[in-house]
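Hi everyone, thanks for making room for me on the agenda. I'd like to walk you through a structure, so please have a look at the screen.

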Amino acid sequence: MHNAEWQEDNEADHGSAIHEARLWRDDGWTARVIRNEDGEGWAVEMIKDGEAEPALVGPWTMGRDKKNPKPLDTPAFHTLVKTAAEVLRRHEQQLHAMLHKNVMVNTASATLSVTLDIVPNEDDPYAILAAQDESGEQLAAVRVAPTFKLTRSSAENWIANEFRRPADR
């Protein structure tokens with residue numbers, strides 16, 4: 001089955017549970033046992049409902065006959081769901097860390113939180129540089145280049161420059 005066909009099939013049936021030896025769909029996930037690309041052995045892919053790409057692809061155990069894959073079962077499926085969900089969670093954390101920066105700056109009168117939130121728009125990526133006071137009230141926000149480097153020094157310079165938009169570098 002081609003990937004596009006598999007995606008259509010996955011989207012069409014995502015509401016119904018399937019518990020087969022090589023296909024297990026339940027709880028918002030689909031596990032599918034597939035032959036390894038090199039033709040040696042088996043792999044399992046875990047796809048979250050609505051996603052086009054697998055969250056996880058890993059080796060799968062051979063069955064007792066040493067020719068066919070071990071059938072999927074409830075405990076294996078739950079372990080696969082837990083592992084795939086953890087992979088997605090780590091990916092989301094990594095992406096969040098790349099797109100959202102934060103530094104604290106002490107001024108003569110307050111401690112300010114300066115944030116940089118990158119918007120990875122394909123056509124026009126940009127970032128928002130913002131400052132909040134200790135109570136969370138926004139003091140300023142300006143649009144900057146997505147390549148703007150937020151450091152304590154750049155934040156202090158922005159504050160000292162009365163929150164004027166920094167020059168793109």
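I'll go from the overall layout to the cores, then to one helix, and finish with the salt bridges.

First, please keep in mind that this is a predicted model. The protein chain has 3 helices and 9 strands. Reading from the N terminus, the order is α-β-β-β-β-β-α-β-β-β-β-α. Of the 169 residues in the chain, 34% are buried. If you take contacts between residues at least 6 apart in sequence, 33% of them join residues at least 24 apart. For those of you who care about surfaces, the chain exposes about 11,000 Å², and 50% of that comes from carbon and sulfur atoms.

Now to the inside. Which residues touch the most other members of the largest nonpolar core? They are V114, L116, L129, V144, L150 and W158, in a core of 19 residues. At least two core residues come from each of β6 (100-106), β7 (111-119), β8 (126-132), β9 (138-144) and α3 (152-160). The top contributor is β7, which gives 4 residues.

Let's zoom in on V114. Leaving aside residues up to four places away in sequence, V114 touches a list that includes K101, V103, V105, L129, L150, A155, W158 and I159. There is also another core, lying apart from the largest one; this other core has 16 residues, among them W29, M46, L56 and L72.

Next, the helix α3. Which residues of α3 are buried? The answer is S154, A155, W158 and I159. Looking down the axis of α3, these buried residues fall within an arc of 135°, so they line one face of the helix. The cover over them includes β6, β7, β8 and β9. Just after α3 comes E162, and its phi is positive, near 55°.

On to the charged side chains. How many salt bridges does the structure hold? There are 5, and I'll show you some of them.

Start with E86 and R89, whose side chains meet in a salt bridge at 2.7 Å, N to O. E86 also pairs with R90, and there the closest N and O atoms are 3.2 Å apart. Why do these partners work out along the helix? E86 and R89 are 3 residues apart in helix α2 (residues 74-99), so about one helical turn separates them. R90 and E86 are 4 residues apart in α2, again about one helical turn. As a general reminder, an α-helix has 3.6 residues a turn, so residues three or four places apart point the same way. Together, E86, R89 and R90 are linked in a network of salt bridges. As for exposure, E86 is partly exposed at 26% relative accessible area, R89 is partly exposed at 38%, and R90 is exposed at 53%.

The last pair is D124 and R143, with closest N and O atoms 2.7 Å apart. D124 sits in the loop between β7 and β8, while R143 is in strand β9, so this salt bridge ties together parts that are 19 residues apart in sequence. D124 is partly exposed at 41% relative accessibility, and R143 is partly exposed with a relative accessible area of 39%.

That's my tour. Thanks for listening, and I'm happy to go back to any view you'd like to discuss.

Methods:
Residues are numbered from 1 along each chain as its sequence is written. This is a predicted model: local features need pLDDT of at least 70, side-chain atom pairs count only at pLDDT 80 or more; totals for chains, interfaces and linings use all residues. Side-chain values use heavy atoms; hydrogens and water are left out. Buried means under 20% relative accessible area, exposed over 50%, partly exposed in between (1.4 Å probe, protein chains only). Contact means heavy atoms within 4.5 Å. Accessible areas come from the Shrake-Rupley method with a 1.4 Å probe; for residues, only the protein chains shown count as cover. A nonpolar core is a set of buried Ala, Val, Leu, Ile, Met, Phe, Trp, Tyr and Cys residues joined through side-chain atoms within 4.5 Å. The arc is that of the directions from the helix axis to the C-beta atoms. A salt bridge is a side-chain nitrogen of Lys or Arg within 4 Å of a carboxyl oxygen of Asp or Glu.
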